[in-house]
Amino acid sequence: MQSTPDEHERDKINDGVASSNQPGHVDAREALLMAVQLHQQGYLDAAQELYERLLKLDPCNANALHYLGVLLHARGQSDEAIECMRQSIALDPGVPDWHANLGNVMLNLRRLEDAADAYAI
């Protein structure tokens with residue numbers, strides 16, 4: 001699995017999440033899309049860094065919390081993943097996929113009652 005993006009992507013990350021009056025500014029939605037794309041391409045270190053930067057700017061960014069949770073579970077950090085996923089669901093409980101993802105993590109950990117609770121939105 002790749003851990004670092006190419007130079008062009010790295011520049012976007014370094015320049016992207018900045019104050020809105022700086023050249024090269026990327027808004028939070030664009031930065032989230034960039035992080036998800038990096039995540040899907042296997043650039044886990046870069047994606048995690050970008051999710052965390054988004055959360056420093058907005059700790060209540062439910063999308064960044066959820067996708068960070070998915071990434072952390074893939075890295076074997078399931079306790080942290082569950083916490084991120086639960087926080088995202090608390091902030092925006094109306095996203096069925098998030099409940100399913102949490103249920104899948106619980107099922108993977110053989111926490112069957114917790115999985116059933118997560119699936120029962």
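Which side chain meets that of Arg75 in a salt bridge? In this predicted model, in which local features need pLDDT of at least 70, side-chain atom pairs count only at pLDDT 80 or more, and totals for chains, interfaces and linings use all residues, the partner is Asp45, with an N to O distance of 2.4 Å. Residues are numbered from 1 along each chain as its sequence is written, and side-chain values use heavy atoms, with hydrogens and water left out.

The protein chain has seven helices and zero strands, where helices (H or I, at least four residues) and strands (E, at least two) are DSSP runs numbered from the N terminus. Read along the sequence, the pattern is accordingly α-α-α-α-α-α-α. Of the 121 residues in the protein chain, 39% are buried, a class defined by a relative accessible area under 20%, with exposed meaning over 50% and partly exposed the range in between (1.4 Å probe, protein chains only). The chain exposes about 7,100 Å², of which carbon and sulfur atoms supply 48%, the accessible areas coming from the Shrake-Rupley method with a 1.4 Å probe and, for residues, only the protein chains shown counting as cover. Among contacts (heavy atoms within 4.5 Å) between residues at least 6 apart in sequence, 43% join residues at least 24 apart.

A search of the whole structure finds two salt bridges, each defined as a side-chain nitrogen of Lys or Arg within 4 Å of a carboxyl oxygen of Asp or Glu. The bridge between Arg75 and Asp45 links distant parts of the chain, since Arg75 lies in the loop between α4 (62-74) and α5 (78-91) and Asp45 in helix α3 (residues 44-57), 30 residues apart. Arg75 is partly exposed at a relative accessible area of 31%, and Asp45 is likewise partly exposed at 36%. In the other bridge, Arg111 is paired with Asp114, the closest N and O atoms being 2.9 Å apart; Arg111 has a relative accessibility of 30% and counts as partly exposed, as does Asp114 at 26%.

Helix α2 (residues 28-40) comprises 13 residues, and its end C-alpha atoms are 18 Å apart, in agreement with the expected span of 18 Å, which is 1.5 Å times one less than the number of residues. At the N-terminal end of α2, Asp27 acts as a cap, with a side-chain oxygen 3.1 Å from the backbone nitrogen of Arg29, while just after the helix Gly42 takes a positive phi of about 90 degrees. The buried residues of α2 are Ala31, Leu32, Met34, Ala35, Val36, Leu38 and His39.

The largest nonpolar core, a set of buried Ala, Val, Leu, Ile, Met, Phe, Trp, Tyr and Cys residues joined through side-chain atoms within 4.5 Å, contains 22 residues, of which Leu32, Leu38, Leu50, Tyr51 and Leu68 touch the most other members. Helices α2, α3, α4 and α5 each supply at least two residues of this core, and α3 gives the most, with seven. Leu32, with residues up to four places away in sequence not counted, touches Tyr51, Leu54, Asn63, Ala64 and Tyr67. Apart from this core lies another, of ten residues, among them Ala62, Trp98, Met106 and Ala115.

Gln48 is placed in helix α3 and counts as buried, at 13% relative accessibility. Leaving aside neighbours within four places in sequence, Gln48 is in contact with Leu68, Leu71, Leu72 and Arg75, the last of these being the residue whose side chain meets that of Asp45.

Terms used
A polar contact is a pair of N or O atoms within 3.5 Å; within protein, one must be able to donate a hydrogen and the other to accept it, and residues adjacent in sequence count only if both atoms are side-chain atoms.
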